[in-house]
Structure formats: C-alpha cells, structure tokens
Amino acid sequence: MADVKKETADTLEALAAAEDDIIASLLAMQLHNLEESGLEPRTYSLVKIATLIAIGAPQASYVAQVAFAIEGGVTPDEIVNLLVTVAPQVGLPKVIAAAPQIMLALGLELE
C-alpha cells in the first residue's frame, strides 16, 4: 500500500464525495481559466464541451460543464448542434458516447 499523507487522503475523499468546498474551489479555477482565455462564456463553454467529447470524458465532467454552459447562455439546441459539428473531427462513436452523458447533464432521462 502506498504511503499517503492524511491531507492527500482527505482531499481525495472530498473529491470522491463531491463536497461543496472542493467543488467551489474547482469552479473558481474554471472561472479563472475563463478569464485567462479571453473568450466570452458561451464560446468558452462550447469549446470545453467539444473538448470533453473529443477526449471521451466521464459523465461527471459533463454535469459541471453543461451546467456552466447553460448558466452562460448556451441552449440545449446549441449543444446538440455542437455534437453534429464535431462528429466529423472526433468521430461518430465519440459523439454517440457523449450524447447520453449530455442528456443526463441536461436532466433528461435515458430510455
């Protein structure tokens, strides 16, 4: 077993439990990144979602980013348009894999 400091273990536990203070800290980092990017929030959010699709990100990544996008004025229709737009570059399998993740992030149910 690895020698893990208590502080490291506590941080991992907080992340795993999605504790409010850890989430707030990560969101603050995202806001700083947004400011540093020079992009307006809508464009920034669409780029971030496109990146998540391209890397095959886990569902938890979509929850936070889609919420941030909606808050920034991106519509669900624009997110669907984004899926169509990136399909030729990232491949249809990644778009198909991302669609249910985005549905769940938008609060839609899967059949």
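Me: Buried means under 20% relative accessible area, exposed means over 50%, and partly exposed covers the range in between. Why does Lys48 count as partly exposed?

Reply: This is a predicted model, and the value is computed from it. Lys48 has a relative accessibility of 27%. That falls between the 20% and 50% limits, so Lys48 is partly exposed.

Me: Where is Lys48, and what is it in contact with beyond its sequence neighbours?

Reply: Lys48 sits in helix H3. Setting aside neighbours within four places in sequence, Lys48 is in contact with Gln30, Asn33 and Gln65. As for Ala14, it is 34 residues from Lys48 in sequence, and the two C-alpha atoms are 24 Å apart.

Me: Ser45 is also in helix H3. How do you know whether Ser45 is buried or exposed?

Reply: The relative accessible area of Ser45 is 0%. The limit for buried is under 20%, so Ser45 is buried. Leaving out neighbours within four places in sequence, Ser45 is in contact with Gln65, Phe68, Ala69 and Val74.

Me: Phe68 appears in that list. What makes Phe68 count as buried?

Reply: Phe68 has 14% relative accessibility. That is under 20%, and therefore Phe68 counts as buried. Phe68 lies in helix H4. Apart from neighbours within four places in sequence, the contacts of Phe68 are Gln30, Leu31, Leu34, Tyr44 and Ser45. The C-alpha atoms of Phe68 and Leu82 are separated by 16 Å, with their positions 14 residues apart along the chain.

Me: How many salt bridges does the structure hold?

Reply: Two. Side chains of opposite charge can pair when their charged atoms come close.

Me: Why is the meeting of Asp10 and Lys6 called a salt bridge?

Reply: The N to O distance between their side chains is 2.9 Å. The cut-off is a Lys or Arg side-chain nitrogen within 4 Å of an Asp or Glu carboxyl oxygen, so the pair qualifies. Both residues are in helix H1 (residues 6–16). They are four residues apart, about one turn of the helix.

Me: What is the exposure of Asp10 and of Lys6?

Reply: Asp10 has 36% relative accessibility, which lies between 20% and 50%, so Asp10 is partly exposed. Lys6 has a relative accessible area of 61%, which is over 50%, so Lys6 is exposed.

Me: How do you know that Arg42 forms a salt bridge with Glu78?

Reply: The closest N and O atoms of Arg42 and Glu78 are 2.5 Å apart. The limit is 4 Å, so Arg42 and Glu78 meet the definition. Arg42 is in helix H3 (residues 41–55) and Glu78 in helix H5 (residues 76–90), so this pair ties together parts 36 residues apart in sequence. Arg42 is partly exposed at 26% relative accessible area. Glu78 is partly exposed at 25%.

Me: Which residues have the most contacts inside the largest nonpolar core?

Reply: Ile49, Ile53, Tyr62 and Ile102. This core has 18 residues. H3, helix H4 (59–71), H5 and helix H6 (92–105) each supply at least two of them. H5 gives the largest share, five residues. In soluble globular proteins, nonpolar side chains tend to be buried together.

Me: What does Ile53 touch, not counting residues up to four places away in sequence?

Reply: Ile53 touches Tyr62, Leu82, Leu83, Val86, Val90, Lys94, Val95, Ala98 and Ile102.

Me: How do the axes of H5 and H6 cross, and what does that make H5 to H6?

Reply: The axes of H5 and H6 come within 8 Å and cross at roughly 155 degrees. Angles over 145 degrees count as roughly antiparallel, so H5 is roughly antiparallel to H6. On the H5 side, Ile79, Leu83, Val86, Ala87 and Val90 make the contact. On the H6 side, Leu92, Lys94, Val95, Ala98 and Ile102 do. The crossing is right-handed.

Me: What makes H4 oblique to H6?

Reply: Their axes come within 8 Å and cross at roughly 50 degrees. That value is not under 35, not over 145, and not in the 65 to 115 range, so H4 is oblique to H6. Gln59, Tyr62, Val63 and Val66 of H4 make the contact with Ala98, Gln101, Ile102, Leu104 and Ala105 of H6. The crossing of H4 and H6 is right-handed.

Methods:
Residues numbered from 1 in each chain as written. Predicted model: local features only at pLDDT ≥ 70, side-chain atom pairs only at ≥ 80, totals over all residues. Heavy atoms only, no water. Helix = DSSP H or I, 4+ residues; strand = E, 2+ residues; numbered from the N terminus. Buried < 20%, exposed > 50% of the residue type's maximum accessible area, 1.4 Å probe, protein only. Core = buried A, V, L, I, M, F, W, Y, C linked by side-chain atoms within 4.5 Å. Contact = heavy atoms within 4.5 Å. Axes fitted to C-alpha atoms, helices over the stretch in contact; angles between N-to-C directions. Left-handed = near helix turned anticlockwise from the far one by under 90°.
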